[in-house]
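Please read this briefing beside the sequence and the coordinates. It takes up the sheet, the helices that lie across it, and the cysteines.

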Amino acid sequence: MKLPKDQILEIFKETHALLEGHFLLTSGRHSPQYFQCAKVLQYPKYLHLLAGDIAKHFEYAEVELVISPAIGGIVVGTEVGRLLGVRTIFSEREQTEMKLRRGFEISKGERVLIVEDVVTTGGSVDEVIQLVRKAEATLVGVGCIVDRSNGSASFDAKFYSAMEMEVLTYQPETCPLCAQGTPAVKPGSRNNS
Ligand code: ZN
């Protein structure tokens, strides 16, 4: 059974992973929320709970390998791999190209699950999919903790997220928070990221 959205939101707030306020995002847009998944995953019980939700979804998918894009996906990927009892690796960016390094390999025909913490555009996952395809392995699915794509992320595989979280952003000119006169702050500028 899927974890209730309310319960997950409560955990995000309790761990200060989900902040509410008036934030200036790296895109230049403003948002009433800021989410930093790593803040949740620093607690083993929550890592276990959320990774467990993903692992449970794919427990009968005969996964043989878990792979995550560095850095965000590594912690959750490792826990999902541990729960499924399978080999677990990660890919990383060298300059701009997503690669397998450290002697990591994907075998031909291997049944692969991609695990990510947060999917926003799905770009990193798409690059990992290319690595799986290039190795002629079988992509079993993609699992993540939070889908923030507002429904736009789709992959050529079964896609599962523990939770979908809508992202509200505004252009500075039309930002209602600016209209209220509060200044937009960069996340982390007050010891919170
Ligand atoms: Zn604003």
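Two strands are said to pair if DSSP finds at least two bridges between them, and the helices (H or I, at least four residues) and strands (E, at least two) are DSSP runs numbered from the N terminus. This is a predicted model, in which local features need pLDDT of at least 70 and side-chain atom pairs count only at pLDDT 80 or more, whereas totals for chains, interfaces and linings use all residues. Residues are numbered from 1 along each chain as its sequence is written, and side-chain values use heavy atoms, with hydrogens and water left out.

**The sheet**

- Six strands form an open sheet in the order 5-4-3-6-7-8, and the pairing within this sheet is mixed.
- Strand 5 (97–99) and strand 8 (158–164) stand at the edges with a single partner strand each, so one side of each is left without a neighbour in the sheet.
- From one strand to the next the twist averages 20 degrees, where axes are lines fitted to C-alpha atoms, for helices over the stretch in contact, and angles run from 0 to 180 degrees between N-to-C directions.
- Strand 6 (residues 111–119) pairs in the parallel sense with strand 7 (residues 138–147) over eight bridges, and in this pairing Val119 stands opposite Asp147 of strand 7.

**Strand 3 and its neighbours**

- Strand 3 (residues 65–69) is mostly covered, with five of its five residues buried, a term that means under 20% relative accessible area, as against exposed at over 50% and partly exposed in between (1.4 Å probe, protein chains only).
- Leu65, Ile67 and Pro69 point one way from strand 3, while Val66 and Ser68 point the other way.
- Strand 3 pairs in the parallel sense with strand 4 (residues 87–94) over five bridges, and Ser68 stands opposite Phe90 in strand 4.
- Between these two strands the chain passes through helix 4 (residues 72–84) in a right-handed β-α-β crossover, meaning that, with the strands pointing away from the viewer, the path from the first strand over the helix to the second runs clockwise.
- Strand 3 also pairs in the parallel sense with strand 6, over three bridges, and here Val66 stands opposite Leu113.

**Helices across the sheet**

- Helix 3 (residues 44–57) lies across strand 7 and strand 8 and runs at about 150 degrees to strand 8, contact being heavy atoms within 4.5 Å.
- Helix 5 (residues 123–134) lies across strand 3, strand 4, strand 5, strand 6 and strand 7, and runs at about 170 degrees to strand 6.

**Cysteines**

- The count of disulfides (pairs of cysteine sulfur atoms within 2.5 Å) comes to zero.
- Cys144 is in no disulfide, and the nearest cysteine sulfur, that of Cys37, is 9.1 Å away.
- Cys144 counts as buried because its relative accessibility is 0%, and Cys175 counts as buried because its relative accessibility is 3%.
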